[in-house]
Amino acid sequence: MSETPPIRIATRSSRLALWQAQHVQQLLSAAAPSTTIEIVHVSTIGDRDKSEPLSSLGEFGVFTREVQKVVLEGDADIAVHSLKDLPTETVAGLTLGAIPPRGAVHDALLLPASRRGGGLVDLPDGAIVGTGSMRRRAQLLHQRPDLKFAEARGNVETRLRKLDEGEFDALILAAAGLMRLELAERIDCELQPPVMLPAIGQGALGIECRSDDVVAQELLSKINDSATHMAATAERSLLHELRGGCHAPIAAATSLQNDQLELTAVVLSSDGQQRLMATATGEDAAALGIAVAGDLRTQGADALITAAEF
């Protein structure tokens, strides 16, 4: 009797990406104890080029294309992504098989080790904030037009070192990544809505497999979280309808109560001076995302998104 073939997980090799892959490995092992789960390391353009701003490396798939290619070519069976990095445009031959329970959704403000304990309002006039995210920059500028920004590339540890060495006055990172790396003690201030709405899919993992791989799809269905999947579907539907990439100044927050999903989204000008907001509730996640996007487009979102691309 032949053994069950292993399930191979394709992942980037950063410490955070490996945490994500190992987390999925544990979930799959619990769901299918007799199946061997292996990890395949992949290098992406976003990992290799740590000097150029992310926006200059291409709008879509900076951290996902090479990982997806490994699965499509049969050298791995599933791909684990940070969902906020995964473009909403589907790749032929792949399907989003599972979104496990979500981690922390919000962003966090970090200060140098030498002066811990402040928040956004405590930053000095003209403070330099480390972040390459247009979404974060625009929302911060909406609150603090005086702030300046510097590109923050590299893994989490590299960014923290640059912060502590004085390259930035403050640093913005996703709280989920810090918690997963056991660095939550570095968080000085949680940036919650309405001050800062998170990225589409923030805190969630997206797991892809080949569209014709019924074994992988069946296994992934066992670790999918329906509430997280519903929220992520609404957010990704919104982003897809707005034709915005992961670098666009678009943010959204979801909440689920009694099978009713509430989606609130904002689109900002790159300087933060214009801020459009729309909110709606519904049971159909994809339709909800389209409806909120339609409201934002009626308010002029297309012009802000297009202007931010240049």
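A salt bridge here is a side-chain nitrogen of Lys or Arg within 4 Å of a carboxyl oxygen of Asp or Glu. Everything in these views comes from a predicted model, and by that rule the count comes to 15 salt bridges.

**View 1. E151 and R137 pair up through their side chains.** The N-to-O distance is 3.6 Å, so the pair falls within the 4 Å limit for a salt bridge. The two residues link distant parts of the chain, 14 residues apart. E151 sits in the loop between β7 (148–150) and α5 (156–164), while R137 belongs to helix α4. Buried or partly exposed: what is E151? E151 is partly exposed, because its relative accessible area is 24%, and buried would mean under 20%. R137 gets the label partly exposed too, with a relative accessible area of 21%.

**View 2. R136 makes a salt bridge with D107.** The closest N and O atoms of R136 and D107 are 2.6 Å apart. This pair also links distant parts of the chain: R136 comes from helix α4 (residues 134–143) and D107 from strand β5 (residues 107–110), with their positions 29 residues apart. Both R136 and D107 are buried.

**View 3. R144 and D146 form another salt bridge.** Their side chains meet at 2.8 Å, N to O. R144 is buried, and D146 is buried as well. Elsewhere, R8, D77, R210 and D213 are joined into one network by salt bridges that share partners.

**View 4. Helix α9 runs from residue 285 to residue 299.** With 15 residues, α9 reaches 22 Å from its first C-alpha to its last, close to the 21 Å expected at 1.5 Å a residue. Look at the helix start and you'll find a side-chain oxygen of D284 within 3.2 Å of the backbone nitrogen of A286. Just after α9, G300 takes a positive phi of about 110°.

**View 5. Here are the buried residues of α9.** They are A285, L288, G289, V292, A293 and L296. Why do they count as being on the same side of α9? Because they cover an arc of only 130° around the axis, they end up on the same side of α9. What do the buried residues of α9 pack against? Their packing partners are α8 (226–242), β12 (260–268), β13 (275–282) and α10 (301–308).

**View 6. T88 lies in the loop between β3 (78–82) and β4 (94–98).** Despite the loop setting, T88 is buried, because its relative accessible area is 16% and the cut-off for buried is under 20%. Setting aside neighbours within four places in sequence, T88 is in contact with R236, L239 and H240. With H240 there is also a polar contact, side chain to side chain, at 3.4 Å.

**View 7. Two cysteines, C189 and C209, get a close-up.** How many disulfides does the structure hold? Zero. For C189, a relative accessible area of 21% means partly exposed. C209 has 0% relative accessibility, so C209 counts as buried.

Key
Residues numbered from 1 in each chain as written. Predicted model: local features only at pLDDT ≥ 70, side-chain atom pairs only at ≥ 80, totals over all residues. Heavy atoms only, no water. Helix = DSSP H or I, 4+ residues; strand = E, 2+ residues; numbered from the N terminus. Buried < 20%, exposed > 50% of the residue type's maximum accessible area, 1.4 Å probe, protein only. Expected span 1.5 Å × (residues − 1). Arc of directions from axis to C-beta. Contact = heavy atoms within 4.5 Å. Polar contact = N/O pair within 3.5 Å; in protein donor to acceptor, adjacent residues only side chain to side chain. Disulfide = S-S within 2.5 Å.
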